Amino acid sequence: STSAPSDWKIRRPDARRGADGEHRHGQKHRVRVDQRVLGASDDANAVVHELYAAGGAAVAPVRQLFGSDVIDSSGGINRDALTKFVVGEANSANLRRLEEVVFPLVDLQRGRFIREAQRRGEPVIVLDIPLLFERGHEVLCDIVFVVSAPHAVQRQRVLERPGMTDEKLASILIKQVPDAEKRAMADFVLDTGIAPARTREALDAFIADCRQRVETERRRRRLISVATVLLAMGVAVVATRRARRPLAS
């Protein structure tokens, strides 16, 4: 997982909404946006945990890359042990090798999730995606939702995480789009550095706006569908009348 801002993106009905779920901006403090919007949700961090668990699809290839030292007693990936191989400038090549294994597996799961949610007719699909901007996944969706907080608050939050150090934090931040740029690219920014009640109010307003957008899009599509049917009927009537018109002698 990462420690940068949380970026969300939402799409029209039968489309997608994504998120870059990250801790230093207050992911652990925020209400689960995906559940409150009542949309189907795919959490990339949760998917990675599944991939790293015993029997997960990433276990064998990661073991092949870094050896049995990264395997825990259950047969899954020991994330603390793995960190020693991939954190820091000296390990940048190892990190790229790990990403080449893990990213395609996460993307594959996301694709399956989206197809299934669309098959069910979900009005909103939530994608919680670390490195949303860094990997160009903002193109998947329609509205970017960024969860952010002042730099001092971000730093305090992430350093409270078990196993986090200044060196590890620096190695994470150097690979990420700066928070100011993410805020500038976002359609909506949720500030988690203010009082929780004010954050919830802003979140409620965002959710209401999402629902309104979905309903507006549904009405637009219904109107287009009706107009298309009426046009087709008009063309059919004209064609029928012409077919019945007697030929001039």
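**Confidence and core packing**

Across the elements of this predicted model, mean pLDDT bottoms out at 47 in strand 1 (residues 6–10) and peaks at 97 in helix 3. For the protein as a whole, the mean pLDDT comes to 79, with 77% of residues at 70 or more. Two stretches fall below 50: residues 1–16, which still make 117 contacts in the model beyond near neighbours in sequence, and residues 26–35, with 27 such contacts. Where pLDDT is low, the predicted coordinates should not be read in detail.

Turning to the packing, the largest nonpolar core is built from 19 residues, and Tyr52, Val62, Ile77, Leu82, Leu98 and Val102 have the most contacts inside it. Helix 2 (44–52), helix 3 (59–66), helix 4 (79–86) and helix 5 (92–120) each put two or more residues into this core. A second core, separate from that one, has 14 residues, including Ala117, Phe133, Cys141 and Val146. Back in the largest core, Ile77 touches Tyr52, Val59, Val62, Val70, Ile71, Asp72 and Leu82, not counting neighbours within four places in sequence.

Helix 4 is worth a closer look. At its start, a side-chain oxygen of Asn78 comes to within 3.1 Å of the backbone nitrogen of Asp80. Along the helix, Ala81, Leu82, Thr83 and Val86 are buried, and the cover over the buried residues of helix 4 includes helix 2, helix 3, helix 5 and helix 7 (166–173). Just past the end of helix 4, Gly88 adopts a positive phi of about 105°.

How values were computed
Residues are numbered from 1 along each chain as its sequence is written. This is a predicted model: local features need pLDDT of at least 70, side-chain atom pairs count only at pLDDT 80 or more; totals for chains, interfaces and linings use all residues. Side-chain values use heavy atoms; hydrogens and water are left out. A nonpolar core is a set of buried Ala, Val, Leu, Ile, Met, Phe, Trp, Tyr and Cys residues joined through side-chain atoms within 4.5 Å. Buried means under 20% relative accessible area, exposed over 50%, partly exposed in between (1.4 Å probe, protein chains only). Helices (H or I, at least four residues) and strands (E, at least two) are DSSP runs, numbered from the N terminus. Contact means heavy atoms within 4.5 Å. A polar contact is a pair of N or O atoms within 3.5 Å; within protein, one must be able to donate a hydrogen and the other to accept it, and residues adjacent in sequence count only if both atoms are side-chain atoms. pLDDT is the predictor's confidence in each residue, from 0 to 100.
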